[in-house]
Amino acid sequence: MIKILSMSFSTTLLTTENSFSSGDRAGNQLKNMSAGRQEAFDHFRRDNPINQKLEEHKRILKQRFTEAKTLGEETNECRNRINHMKSQYEQMHLRLAAQLTQDEIEKNQELNKLRSTMEREQTKYRECFNRLKNMKQEIEHIQHVIEKDRLQMLKEFDDWWDQQSEQAEQQRELLEVKPTKTNNDQSRQSTASFQMERSSASNSVDRPSSQQWNLPLTGDKKTDDDILAFANARQRILSQTHK
């Protein structure tokens, strides 16, 4: 049983080293993101309050793993000592049985001392084992909290990303508006609009355009929306970082 608990702790520790391992729901969601969206998420979570809680819970969990490993080793050593003393006791009892009466055996000081030591070790073993079981329950609770934090942070990121995508769609629609005036008026208006967009973009990090970022649009609406959304999201994060 002790070995099973120790193996369980070791396996869980390996999967907890990464905040978002591929073996849980949050990890699977992150794995299915596009490369651009994953990069945006990395920027998003750095200053997110939930991420700070998550890192603290991970620190506590790692500490509990270390304590559980030490306690597991101590419990195993205690069990080995008990088995060794049990073998000594049985051999001594057989040897004395061939020489003494049952009453004399029960009064034998050496045998009684060994039996008392073995009983103390058995008591210590039960205490260590119970502590190890309780620690396992605590570790499982912390793991549950960590998974909950991960899912909550992903939900907040999804909401934030949807807002950025919506803004990118609006910017795309503005870029695709076609003037209905004459060619000369159209040329002058397009030049003026382009200059105004560049001026507005240089003074605001919330509304970057494809010209500002020199982003190559593909012509595919979904792909271009994703490009603009990521550029907008990344600039927002960078602006918050430099404040």
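Which residues do ring pairs link into a cluster? I'll come to that in a second, but one caveat before anything else: what's on the screen is a predicted model.

Okay, the cluster. Ring pairs tie together Phe41, Phe44, Phe157, Trp160 and Trp161. Across the structure, the count of aromatic pairs comes to six. One of those is Phe157 with Trp160, and it's a tilted pair, with 5.8 Å from centre to centre and 40° between the planes. These two sit three residues apart in helix α6, residues 109–175, so about one helical turn separates them. And if you're wondering about solvent, Phe157 and Trp160 are both buried.

Let me zoom out for a moment. The chain has nine helices and zero strands, so if you read off the elements from the N terminus, you just say alpha over and over: α-α-α-α-α-α-α-α-α. There are 243 residues in the protein chain, and 33% of them are buried. Then there's the contact pattern. Take contacts between residues at least 6 apart in sequence, and 79% of those join residues at least 24 apart.

Back to α6, since we'll keep running into it. How far apart are the end C-alpha atoms of α6? They're 98 Å apart, and at 1.5 Å a residue the 67 residues should span 99 Å, so the two figures agree. At the start of the helix, have a look at Asn108: one of its side-chain oxygens reaches to within 3.2 Å of the backbone nitrogen of Glu110.

Now, cysteines. How many disulfides does the structure hold? Zero. Cys78 is in no disulfide, and the nearest cysteine sulfur to it belongs to Cys128, 5.9 Å away. Turn it around and you get the matching story: Cys128 is in no disulfide either, with the sulfur of Cys78 as its nearest, at 5.9 Å. The cut-off for calling a disulfide is 2.5 Å between the sulfurs, so that 5.9 Å separation explains why this pair isn't counted. As for where they sit, Cys78 is buried, at 0% relative accessible area, and Cys128 is buried too, at 2%.

On to charges. A search of the whole structure turns up twelve salt bridges, and I'll walk you through a few of them.

Start in helix α4, which covers residues 49–97, where Arg64 and Glu67 lie three residues apart, about one turn of the helix. Their side chains meet in a salt bridge at 3.7 Å, N to O. Are the two partners buried or exposed? Well, Arg64 is buried, with a relative accessible area of 18%, while Glu67 comes out as partly exposed, at 33%. The cut-off for buried is under 20%, so Arg64 at 18% falls on the buried side of it. This pair also has company: Arg64, Glu67 and Glu138 are linked in a network of salt bridges.

Next, over in α6, Lys136 pairs with Glu140, and here the closest N and O atoms are 2.6 Å apart. They're four residues apart in the helix, again about one turn. Both ends get some solvent: Lys136 is partly exposed at 22%, and Glu140 is partly exposed at 39%.

Further along in α6, there's Glu147 with Arg150, three residues apart, about one turn of the helix. The closest N and O atoms in that salt bridge are 3.8 Å apart. Where the Lys136 and Glu140 pair is partly exposed, Glu147 and Arg150 are both buried.

One last polar detail, back in α4. That's the helix where you'll find Asn76, and a polar contact of 3.2 Å joins its side chain to that of Arg79. Asn76 counts as buried, at 18% relative accessibility.

So if you want a few places to click on afterwards, try these. Go to the ring cluster with Phe41, Phe44, Phe157, Trp160 and Trp161. Then look at Cys78 and Cys128, with their sulfurs 5.9 Å apart. And finish on the salt-bridge network of Arg64, Glu67 and Glu138. That's me done, thanks.

Definitions and conventions
Residues are numbered from 1 along each chain as its sequence is written. This is a predicted model: local features need pLDDT of at least 70, side-chain atom pairs count only at pLDDT 80 or more; totals for chains, interfaces and linings use all residues. Side-chain values use heavy atoms; hydrogens and water are left out. Rings of Phe, Tyr and Trp (its six-membered ring) pair if their centres lie within 6.5 Å; planes under 30 degrees apart count as stacked, over 60 as edge-to-face and the rest as tilted. Buried means under 20% relative accessible area, exposed over 50%, partly exposed in between (1.4 Å probe, protein chains only). The expected span of a helix is 1.5 Å times one less than its number of residues. A polar contact is a pair of N or O atoms within 3.5 Å; within protein, one must be able to donate a hydrogen and the other to accept it, and residues adjacent in sequence count only if both atoms are side-chain atoms. A salt bridge is a side-chain nitrogen of Lys or Arg within 4 Å of a carboxyl oxygen of Asp or Glu. Contact means heavy atoms within 4.5 Å.
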